[in-house]
Amino acid sequence: MATAATKLLLIDRVPGINRVPNSYIRPEADRPNLTEVEASDASTIPLIDLQGLFGPNRDDIIRQIGEACQQDGFFQIKNHGIPEEVVQAIMNIAGEFFRLPESERLKNYSDDPSKSTRLSTSFNIKTEKVSNWRDFLRLHCYPLEEYMHEWPTNPPSFRKEVGEYCTRVRELALKLLEAISESLGLEREYISQNLGKHGQHMAMNYYPPCPQPELTYGLPGHTDQNLITILLQDDVPGLQVLRDGKWIAVNPIPNTFIVNIGDQMQVISNDKYKSILHRAVVNCDRERISIPTFYCPSPEALIGPAQGLIDHDNPAVYRSFTYEEYYHKFWNRGLRTECCLDMFKIPSA
């Protein structure tokens, strides 16, 4: 019989422990300092109403999106067009999946980051020194027909519900990319046309209750390596963003998504838009589920600053690279606070 310490997933270890195992404890200088975190309110993280994006208010909404990308790297959206029942269904299915018997869940387990469908724990257990208080199911989901056959078949409606959600979120992502492209002064289709065949991944993150949340992270401070991330979270707080050197708690608002700029968007915008640090903290009372969708270029796509944003006064900050090159560097180096982007900067003359 496996002991709690030999279980592969955190969810199966937690019931028998009342203190954080040593492998999860952060060095003192690298702990969450939860008492110093500021609470967010409506004015802290921009909340953008997408209702009129294809109507007379389009210019104003694009201006709001551009300001949020430039000043915050993060914004929340409402009236996004994804029906509430689709959102509720994906949240329910994620909860059902993590409540399945251990043997059923583990059919999807792998510690190989290159696998396109895998259940795992922490971030990259092969390379990291300290573990993170998280289990996750990661899926590739575009094109759907290439990946859906790899997905779990239990719960029975998993593929149907998740497939519907992925399709809806992709539609939303493409609308946002058009708006972000326009906000940069580029052609509406510019970003979309420079992503190769496009890629879309998602994760279902499960953060169990933690007996000593001040000692560890669900995920430490990091930027996202993709283009944009569209995050759905349940009603349990946990996401925090770094602004002006202070961590700010982004408390969930029903029927909204959080959108954050990823590293590839920072490159395309030639540093006008910032991929900012964010992290997930845990708590001792309640489990938390979050479902990020990572919209990205396809591996062979060549990424570099948009030509329309480069001139004598604004030289290119980054060299061009394939997304595949970036993706491998990101996963192999682990979640470090310093940004992977620095490795692709052109040395200033």
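Trainee: Where is the place of proline 297 in this predicted model?
Mentor: The model is predicted, and its strands S13 and S14 (302-303) are joined by a loop. Proline 297 has its place in that loop, between S13 and strand S14.

Trainee: Is proline 297 buried or exposed?
Mentor: Buried means under 20% relative accessible area. Proline 297 has a relative accessible area of 2%, so its class is buried.

Trainee: Which residues is proline 297 in contact with, leaving aside its neighbours within four places in sequence?
Mentor: The C-alpha atoms of proline 297 and lysine 197 are separated by 7.0 Å, although their positions lie 100 residues apart along the chain. With neighbours within four places in sequence left aside, the contacts of proline 297 are Leu195, His198, Gly199, Gln264, Ile303 and Tyr323.

Trainee: Why is strand S13 (residues 288-296) described as largely enclosed by the rest of the structure?
Mentor: In a regular strand the side chains alternate between the two faces of the sheet. In S13, Arg288, Ser290, Pro292, Phe294 and Cys296 point one way, while Ile289, Ile291, Thr293 and Tyr295 point the other way, and all are buried. The strand is therefore largely enclosed, because the number of its residues that are buried is nine of the nine.

Trainee: Which strands pair with S13 in the antiparallel sense?
Mentor: Strand S6 (residues 199-207) pairs with S13 over seven bridges in the antiparallel sense; within this pairing, histidine 201 has phenylalanine 294 as its bridge partner. Strand S8 (residues 228-233) also runs antiparallel to S13, with six bridges, and there glutamine 233 is matched with serine 290. The strands asked for are S6 and S8.

Trainee: Which residues does proline 292 touch, not counting residues up to four places away in sequence?
Mentor: Proline 292 belongs to strand S13 and, at 4% relative accessibility, counts as buried. Its C-alpha atom is 5.7 Å from that of methionine 202, a residue 90 places apart from it in sequence. Not counting residues up to four places away, proline 292 touches His201, Met202, Ala203, Asn205, Thr229, Ile230 and Leu231.

Trainee: Which helix gives the largest share of the largest nonpolar core?
Mentor: That core has 74 residues, and the members touching the most others are Ile65, Val162, Leu176, Met202, Met204, Ile228 and Ile291. The largest share, 11 residues, comes from helix H6 (residues 158-183).

Trainee: How many residues are in the other core, which lies apart from it?
Mentor: Val14, Tyr24, Trp133 and Val282 are among the members of this other core. Its number of residues is 10.

Trainee: What should the 16 residues of helix H3 (residues 84-99) span, and how far apart are its end C-alpha atoms?
Mentor: The expected span is 1.5 Å times one less than the number of residues. For H3 this gives 22 Å, which agrees with the distance between its end C-alpha atoms, 23 Å.

Trainee: Which aromatic pair links helix H3 to strand S6?
Mentor: The whole structure holds nine aromatic pairs. One of these is stacked, with 5.1 Å from centre to centre and 25° between the planes of phenylalanine 98 and tyrosine 206. Its partners lie 108 residues apart, one in helix H3 and one in strand S6. The pair is phenylalanine 98 and tyrosine 206.

Trainee: What relative accessibility does tyrosine 206 have, and what relative accessible area has phenylalanine 98?
Mentor: Both rings belong to a cluster in which ring pairs link Phe97, Phe98, Trp151, Phe158 and Tyr206. Tyrosine 206 counts as buried at 7%, and phenylalanine 98 is buried at 3%.

Trainee: Which are the edge strands of the open sheet of five strands?
Mentor: The strand order is S1-S10-S9-S12-S7, with mixed pairing. S7 pairs with strand S12 (residues 278-280) in the antiparallel sense over two bridges, and leucine 219 has alanine 280 as its bridge partner in S12. An edge strand pairs on one side only, and the two are strand S1 (38-39) and strand S7 (219-222).

Trainee: How many disulfides does the count come to?
Mentor: A disulfide requires a pair of cysteine sulfur atoms within 2.5 Å. Cysteine 69 counts as buried at 0% relative accessibility, as does cysteine 340 at 2%. By the distance rule, the number of disulfides is zero.

Conventions:
Residues numbered from 1 in each chain as written. Predicted model: local features only at pLDDT ≥ 70, side-chain atom pairs only at ≥ 80, totals over all residues. Heavy atoms only, no water. Helix = DSSP H or I, 4+ residues; strand = E, 2+ residues; numbered from the N terminus. Core = buried A, V, L, I, M, F, W, Y, C linked by side-chain atoms within 4.5 Å. Buried < 20%, exposed > 50% of the residue type's maximum accessible area, 1.4 Å probe, protein only. Pairing = 2+ DSSP bridges. Contact = heavy atoms within 4.5 Å. Phe/Tyr/Trp six-rings, centres within 6.5 Å; stacked < 30°, edge-to-face > 60°.
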